Amino acid sequence: MKRFGNLYDAICSWDNLELAARRARKRKRYRWYAEDFELRRESVLREIYNELIEQRWQPAPYETFRIYDPKERLICAAPYRDRIVHHAVCNIVAPLLERSFIAHSYACRLGKGTGAARAHCRQLVKQYPYALKADVTKYFASIDHALLKTKLRRHLKCAPTLALLDRIIDSWQTTDEPPAWFAGDDLLTPLARPRGLPIGALTSQLFANLYLSRIDHLVEEQLQPGGYARYTDDLVLFADSKRFLWDALDRLRAEFAAERLQAHPVKCQVLACRDGVPFLGFRFGPDWTRVLPENVRRFHRRMAALRRAVRAERRRLAEAWPTMFRWFQFVREQPGNDGLVLAECQRQVF
């Protein structure tokens with residue numbers, strides 16, 4: 001495997017920092033922190049440049065908050081100047097790491113994404129009678145720092161770049177999840193192995209894709225199912241045989257454990273494609289596609305709250321439309337769901 005070196009000067013270059021600042025600002029130009037940065041753009045970029053060149057840049061603490069829809073998650077927002085550094089790193093490192101990714105890993109990759117993943121799944125459901133749906137328990141919170149650093153060193157050999165990536169990885173670790181023990185561990189092993197990546201950081205998406213890349217190659221090159229797709233920690237394998245998929249699940253559980261991950265106790269199951277395969281918000285059947293019921297219920301709750309707020313004059317009517325429009329875009333991505341759109345339009349009597 002080719003290892004890439006001499007990357008640090010490219011990461012620190014002024015042109016790359018300018019590009020990183022533009023990408024960090026995308027869709028956030030009217031946020032107060034983006035406007036504050038633009039007022040001092042030259043001086044802040046110069047500070048970042050000097051800190052990187054002198055290898056003394058240190059990540060600042062994350063701002064954290066919890067969301068509860070669709071499930072409870074701890075979201076971590078890096079300070080704006082740190083986001084610029086994250087973009088600068090990903091501008092250079094991501095294209096190199098992505099060379100080792102398989103074609104059917106779809107999360108947070110240029111030209112991929114949820115739409116391409118769903119289209120691939122919909123195609124495979126029509127071709128195969130059975131599917132294995134696999135998932136990892138608390139994936140981002142479970143990623144082992146030492147194993148992640150080892151994986152990075154299999155692809156990169158630039159010492160300053162690796163030191164910078166190590167600082168980003170070490171800037172966060174899981175503290176509110178129970179410890180997990182694996183084969184060969186003693187009582188104190190989990191305490192000696194930091195783990196966890198901050199959900200919400202740009203670098204976390206890249207690291208999460210890399211962390212399961214070995215398993216992607218194992219699936220495609222050794223297990224060789226009829227079809228395969230992965231979006232972050234959601235894996236779907238397709239085959240003509242149930243026995244093949246159950247054996248594949250046993251192998252995946254063992255490989256997850258080798259990466260110090262735990263397969264989800266409920267979401268890992270073999271399904272008949274005629275009954276539908278849940279993936280990224282939809283259930284895909286051979287000749288039909290439906291929005292998952294929990295997504296429909298969540299949207300109805302959201303819209304009912306908006307209607308109540310509009311009637312009580314706490315919200316303007318125009319504020320409700322962007323939420324509706326996003327829902328309509330999501331639902332109409334897959335054919336056969338226009339009835340949900342029409343039903344919601346008829347319900348909008350404020």
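So, where is the place of Gln224? Gln224 sits in the loop between helix 12 and strand 4. I'm starting there as a way into this structure, and please keep in mind throughout that what you have in front of you is a predicted model.

Gln224 has a positive phi of about 50°, although it is not a glycine. Here is the background: most residues other than glycine have a negative phi. Gln224 also counts as exposed, because its relative accessible area is 55%. Now have a look at Lys138, which lies in the loop between strand 3 and helix 7. Phi of Lys138 is positive too, near 50°, and again this is a residue other than glycine. Buried or exposed, or something in between? Lys138 has 45% relative accessibility, so it counts as partly exposed.

Okay, let's move on to strand 5. It covers residues 234-239, and six of the six are buried, so the strand is largely enclosed by the rest of the structure. Both of its faces are covered. On one side you'll find Asp234, Val236 and Phe238, and on the other Leu235, Leu237 and Ala239.

Which strands does strand 5 pair with? One is strand 3, residues 130-134, which runs antiparallel to strand 5 and is joined to it by five bridges. If you want a spot to zoom in on, Ala131 has Phe238 of strand 5 as its bridge partner. Strand 4 is also antiparallel to strand 5, again with five bridges, and there Ala229 is partnered with Val236. Strand 4 and strand 5 form a hairpin with two residues between the strands, and in that hairpin Thr232 takes a positive phi near 55°.

Strand 4 comes up again when we turn to helix 11, residues 202-211. Eight of the ten residues in this helix are buried, so helix 11 is largely enclosed by the rest of the structure. Among the buried ones are Leu206, Phe207, Leu210 and Tyr211. What do the buried residues pack against? Their neighbours are helix 5 (80-98), helix 7 (139-142), helix 8 (145-155), helix 9 (159-170), helix 12 (213-223) and strand 4 (227-231).

Next stop, a sheet further along the chain. This is an open sheet of three strands in the order 7-8-9, with antiparallel pairing. Strand 7 (277-279) and strand 9 (289-291) are the edge strands, each pairing on one side only. On average, neighbouring strands here are turned by 25° against each other, direction ignored. Helix 6, residues 113-127, packs on this sheet and touches strand 7, strand 8 and strand 9. The direction of helix 6 makes about 30° with that of strand 8. As for the pairing itself, strand 7 and strand 8 (residues 282-284) are linked by three bridges, and Val277 has Phe284 in strand 8 as its partner.

Last topic: empty space. The second largest pocket holds about 330 Å³. It is lined by 16 residues, and the closest to its centre are Trp32, Tyr33, Pro79, Tyr80 and Arg81. Helix 3 (32-39), strand 1 (63-67) and helix 5 are the elements that each give two or more residues to this lining. What is the lining like by class? There are eleven nonpolar residues, five charged ones and no polar ones.

That's the tour, so grab the structure and have a click around.

Note on methods
Residues are numbered from 1 along each chain as its sequence is written. This is a predicted model: local features need pLDDT of at least 70, side-chain atom pairs count only at pLDDT 80 or more; totals for chains, interfaces and linings use all residues. Side-chain values use heavy atoms; hydrogens and water are left out. Buried means under 20% relative accessible area, exposed over 50%, partly exposed in between (1.4 Å probe, protein chains only). Helices (H or I, at least four residues) and strands (E, at least two) are DSSP runs, numbered from the N terminus. Contact means heavy atoms within 4.5 Å. Two strands pair if DSSP finds at least two bridges between them. Axes are lines fitted to C-alpha atoms, for helices over the stretch in contact, and angles run from 0 to 180 degrees between N-to-C directions. On a 1 Å grid over the protein atoms alone, a cavity is a set of points where a 1.4 Å probe fits but cannot get out, and a pocket is an open set with protein on both sides within 12 Å along at least five of seven lines; lining residues have an atom within 4 Å of a point. Grid points are joined across faces, edges and corners, and a volume is the space filled by probe spheres set on the points. Ala, Val, Leu, Ile, Met, Phe, Trp, Tyr, Cys and Pro count as nonpolar, Asp, Glu, Lys and Arg as charged, and the others, Gly among them, as polar.
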